[in-house]
Amino acid sequence: MLDSQYFLPNDVGISPLDCREAFQLLSPSEQLYAHYISRASWYGGLAVLLQTSPESPAVYVLLQRLFRAQPPSELQSLATSLTDEEYQALLVYAAGVYANMGNYKSFGDTKFIPNLPKEKLKDLVWQSQAFQDNPSEMEALWSSCGDRMYSLEERQKQLGLGDKGITTYFSGNCGLEDAELAQKFLDSKNLSAYNTRLFKKVEADGKRCYEVRLASAVKEAAAVDGEADNKCGSFEFEGATFRVLRGDYAPLMRKVAENLKKATAYAANENEKRMLEEYSRSFTLGSIDAHKEGSRYWIKDKGPIVESYIGFIESYRDPFGSRGEFEGFVAMVNKAMSARFAQLVSSAEVLLPELPWPADFEKDLFLKPDFTSLDVLTFAGSGIPAGINIPNYDDIRQTDGFKNVSLGNVLAVAYATKKEQITFLQEEDKDLYVAWKGPSFEVQVGLHELLGHGSGKLFVQDEKGNFNFEQKTVRNPETGELISSWYKGSETWDSKFSTIASSYEECRAECVGLYLCLNSHVLSIFGHEGTNADDLVYVNWLAMVRAGLLGLEFYTPESQSWRQAHMQARFVILRVLLEAGEGLVTLRHTTGADGRPDAIISLDRSKIRSVGQPAIARFLCRLQVHKSTADVEGGRALYERYSAVTASEPENFLKLRDTVLLRKETRKMFVQANTRVKGDAVELLEYEGSAAGLIRSFTERFHEDGEELEKELLELSRADSPCWC
């Protein structure tokens, strides 16, 4: 049972992301604009391989060589020693590597390995056309990744820092104290961690020396192209030496910048043009300041036909919570659904005062953002979310605003549910759950992104000593005392709350969604009234408590750590609602019809407003107060208390975790289209929704320069290899 979590099942759902209609509605210029930003995104997305595990680049190249030389159907004819199930397991593994951009799950951070014997896979590689064409190269590839591809040594089972797991954001000899020291250094230099990695060396005299590597096409440390603020150099800090260097992922960043420059010729307006110029400068020089400037132009670009964003964005997979994983997306606007989200934006100033914290803890001015529903053409990175609220830069969010997007064609596929697949619910709840899971999640995503991530004020004292709040009047609603802590200088939410920042913020946003989905005006915006509205609210709350139970899959008892920010957040909410008592949520151990351990979770819909909403209001206020006041100690104590997974009765969450693993669901994978310029037109290439289709989409994605890219990936990986020992 426990080992099954490290395999992807042969029947995993794999679906194509349909965007043909939306793409065909674009003008020729808009299609070219979308094409070149897609290319930039796909090139940059390869950096995720280098951000995931030491072996991920070599595994990726091995699979690319194998399937580019022979498509899956042809390779199978050589797989005489493999059963049909074993060959399908190989295809599913390859699809998983492509979909996750590495051999660790993007949602959960656990390793997955091929579900077929290692020697059989090696034999197939040796029989393949790729091996016949270049035996020494394929043998070297297998030698570099074969053992590690299959290894389930304790530390290699999940991503983590130090002895808690594997990470390539840090060298293998870094621990939490190194990450904390590096963050203090970066803060002292007003240098963002988003596009960095940290490598530690210990000199013969015992002195620590750290390399902070900036992702950039340029490798020179000296200022270039009239660069105003070059932050490279060697610095002494608290008894250690820090060297800030450029050139991490250099060949990939060069490709990103080149394609963004090509897209500039097809920009629809000056904001898009300036945005792309700043992004290109950011990836060329390794400048987060340039990326911030590009993000400001992006926010100003209201209602574009083609929406996109690109960069080192989400910090979920950095064990310390400060470094961003590369992602880039391109999508087309779904006008009908976007109209509903626009209504929600228009209502935001009425809805924000409904949130359960004092007005002083809300932003001084709500900067109305774009909120659009998009059909994804390209989403390069380790996974595809349902919705996004960006940029993540605190200073921009507070003063310039942000944008929200809901990914409509992702929602349509990812959250389609069949009754027989639903676990842990009462039979009488399942039909309602199937009917309302999609519509309720649409509402939850809208509230989560716009009024969850978009709400709340951070109390800040800037570098000149100025405060953005009234020190003599603003009081903590929990204690009644004047505010005594705040963010200072270059401190940010991520740098202060570090390891818990991502999950804590997702929990806050999820709570906002639960709290405001009870608002009749919100429900009417999405077209739900009367009994339908009541059913939607019930299923939204039921889905949340069920997700809290499912979240146990992403907890590792050995290290007492959570591997997925959203699922930790949902478990915390489950704990809060169980603690509310009065029979609101009931959770019991049972035995299933198959004789195996099972569990049932139920929700008393008559008590959602009377018991559930007040409980969420109290907890949500506490989350916001700790966040606003930079109270790391209080926020961490609160969040870690509700995150604890114990064997205490009556729930016995550790026992429930075994049950959840026994009946766990596998996250779907998506097959994305490619675009290719033919003459003056852009061709859309689509693929079937299968493991073979997903593999083909990747082998054709870099049809012009695939081998060159793969060599560069291997060179980058080999250069880093001593750091992972």
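Two strands count as paired when DSSP finds at least two bridges between them. In this predicted model, strand S15 (residues 585–591) and S16 meet that condition, with seven bridges joining them in an antiparallel arrangement. Threonine 590 offers a concrete place to look, since its bridge partner in S16 is aspartate 598. The two strands form a hairpin with five residues between them, and glycine 595, in the turn, has a positive phi of about 85°. Strand S16 (residues 597–603) has six of its seven residues buried, so this strand is largely enclosed by the rest of the structure.

A further sheet is found earlier in the chain, and the eye can follow it strand by strand. This open sheet has five strands in the order S6-S7-S8-S10-S9, and its pairing is mixed. Strand S6 (306–314) and strand S9 (387–390) are the edge strands, each pairing on one side only. From one strand to the next, the twist averages 35°. Strand S6 is joined to strand S7 (residues 325–334) by eight bridges, and the two run antiparallel. Within this pair, serine 308 stands opposite valine 330 in S7.

Two helices lie across parts of this sheet. Helix H2 (residues 28–45) lies across S6, S7 and strand S8 (371–380), and runs at about 155° to S7. Helix H12 (residues 270–285) lies across S6 and S7, at about 25° to S6.

Attention now turns to the interior. In soluble globular proteins, nonpolar side chains tend to be buried together. The largest nonpolar core here holds 113 residues, of which Tyr60, Phe67 and Met253 touch the most other members. Helix H6 (residues 84–100) gives the most to this core, contributing nine residues. Leaving aside residues up to four places away in sequence, phenylalanine 67 touches Pro72, Leu75, Tyr87, Leu90, Leu91, Ala94, Ile695 and Thr699. A second core, separate from this one, has 96 residues, including Trp357, Tyr487, Phe497 and Val645.

One loop residue rounds off the picture. Threonine 423 sits in the loop between helix H17 (408–414) and helix H18 (427–452). Is this threonine buried or exposed? Residues under 20% relative accessible area are classed as buried, and threonine 423 counts as buried because its relative accessibility is 16%. With residues up to four places away in sequence not counted, threonine 423 touches Arg546, Leu550, Arg663 and Glu665.

Notes. Residues numbered from 1 in each chain as written. Predicted model: local features only at pLDDT ≥ 70, side-chain atom pairs only at ≥ 80, totals over all residues. Heavy atoms only, no water. Helix = DSSP H or I, 4+ residues; strand = E, 2+ residues; numbered from the N terminus. Axes fitted to C-alpha atoms, helices over the stretch in contact; angles between N-to-C directions. Contact = heavy atoms within 4.5 Å. Buried < 20%, exposed > 50% of the residue type's maximum accessible area, 1.4 Å probe, protein only. Core = buried A, V, L, I, M, F, W, Y, C linked by side-chain atoms within 4.5 Å.
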